[in-house]
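Here is a short report for a reader who is new to this structure. Look at the sequence and the model first, then read on.

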Amino acid sequence: MLQPGGNISLYGGSHETLEPAFEYGGSAGTLNYFVTGDLLHNDLGIENPAPSADALHDHSTQGHGFGYFEDILDSGNRLSLILGLSNDQFQIPNQPGLQPMLGLNVNGQTSFPSNNLNENQHELAQYAILSWQHAEGALNWQSSISARYTSLDFQPDWSGDLLYNGVAQAAFKSDVAFAWQTDAAYTLNDTHTLRAGLYAQHDSASSNTSSQVLTTTAGVQNSPIPVAIAIMERKASGWRAPICRMSGKPSPT
């Protein structure tokens, strides 16, 4: 049984850092639980590319959460649930005081102060694990199912990236995974234990990019109007095979 209680905290510091957080746990009947979370704000989310103390366009907001819940069904059975979340947003910091050097024209625009570039990235991860544990006599086993989702989303500065790099690209990548794992042990006698396990997982990943480029002829730009190029990719993995083994220990002399 978990003793009820928790705490709330607030941290602050340089670069406009502010981080509230909490945690709490306790019990209610046969249910034990624990939850925690935090939210971080600062203006130095990614390492500053400039030598100055204060980064330009580098704000970050990051939220994280975790929960554990356990229900004692009876003397031989326990059910548990684990939940997790990470949700992070970053501005991409700028190198100040620059202008495009490629001599390109994007919709009539040829200059772009690097201070004004606006690139952003969002990273997300979520997971859940549900487990059932059984212990009675010679048999012990645990079975779990899990689900996980992760993604990364990068958004460029369309005009600025084209003028500085000749290409502007938005990218979104994601992965979804489902798994089932079971482990069991059966005590045959004082010297032999039979163990078996099963682990199966299926992943489905996707990668989508949307790019804007400028057309050229013999290396010379022939139009100020960007052309869009989209690429979509999908990939899935198969299931894994089960395993089984027997273990033993020497008889006492």
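Which side chain meets that of Arg78 in a salt bridge? The side chain of Glu70 does, with N and O 3.1 Å apart.

## Ground rules

This is a predicted model, in which local features need pLDDT of at least 70, side-chain atom pairs count only at pLDDT 80 or more, and totals for chains, interfaces and linings use all residues. Residues are numbered from 1 along each chain as its sequence is written, and side-chain values use heavy atoms, with hydrogens and water left out.

## Confidence

The pLDDT is the predictor's confidence in each residue, from 0 to 100. The chain averages 90. At least 70 is reached by 93% of the residues.

The elements of the chain differ in confidence. Strands are DSSP runs of E, at least two residues long, numbered from the N terminus. Strand 5 (residues 77–91) has the highest mean pLDDT among the elements, at 97. Strand 13 (residues 243–248) has the lowest, at 49. Over residues 246–253 the pLDDT is below 50. Beyond near neighbours in sequence, that stretch has 14 contacts in the model. A contact means heavy atoms within 4.5 Å.

## Salt bridges

Side chains of opposite charge can pair when their charged atoms come close. Here a salt bridge is a side-chain nitrogen of Lys or Arg within 4 Å of a carboxyl oxygen of Asp or Glu. The whole structure holds 3 of them. One is the pair of Arg78 and Glu70. Burial is judged by relative accessible area: buried is under 20%, exposed is over 50%, and partly exposed is in between (1.4 Å probe, protein chains only). Arg78 has 33%, so it is partly exposed. Glu70 has 10%, so it is buried.

Which residues are linked in a network of salt bridges? They are Arg148, Asp175 and Asp203. Arg148 pairs with Asp175, the closest N and O atoms being 2.9 Å apart. Arg148 lies in strand 7 (residues 139–155) and Asp175 in strand 8 (residues 167–187), so this pair ties together parts 27 residues apart in sequence. Arg148 also pairs with Asp203, with the closest N and O atoms 3.2 Å apart. Asp203 sits in strand 9 (residues 192–213), 55 residues from Arg148, and the pair links distant parts of the chain. Arg148 is partly exposed, at 34%. Asp175 is buried, at 15%. Asp203 is buried, at 15%.

## Aromatic pairs and a nonpolar patch

Rings of Phe, Tyr and Trp (its six-membered ring) pair if their centres lie within 6.5 Å; planes under 30 degrees apart count as stacked, over 60 as edge-to-face and the rest as tilted. A search of the whole structure finds 2 aromatic pairs. In one of them, the ring centres of Trp132 and Trp141 are 5.2 Å apart and the planes stand at 65°, so the pair is edge-to-face. Trp141 is partly exposed, with 22% relative accessibility.

Trp132 belongs to strand 6 (residues 120–136). Its relative accessibility is 39%, so Trp132 counts as partly exposed. Trp132 also helps make a nonpolar surface patch of about 550 Å². The other residues in that patch are Leu73, Leu79, Leu130, Ile145 and Trp180. Patches are made of residues with over 30% relative accessible area and no salt bridge: like charges are joined within 9 Å, nonpolar side chains (Val, Leu, Ile, Met, Phe, Trp, Tyr) within 5 Å. Accessible areas come from the Shrake-Rupley method with a 1.4 Å probe; for residues, only the protein chains shown count as cover.

## A buried serine

Is Ser80 buried or exposed? Ser80 is buried, with a relative accessible area of 14%. Ser80 is found in strand 5. Not counting residues up to four places away in sequence, Ser80 touches Tyr68, Phe69, Glu70, Ile129, Leu130 and Ser131.

## Positive phi in two loops

Glu16 has phi near 60°, a positive value in a residue other than glycine. Glu16 is placed in the loop between strand 1 (5–13) and strand 2 (17–28). Glu16 is exposed, at 60%.

Ala218 has a positive phi too, near 55°. Its place is in the loop between strand 10 (216–217) and strand 11 (220–221). At 81% relative accessibility, Ala218 is exposed.

How values were computed
Helices (H or I, at least four residues) and strands (E, at least two) are DSSP runs, numbered from the N terminus.
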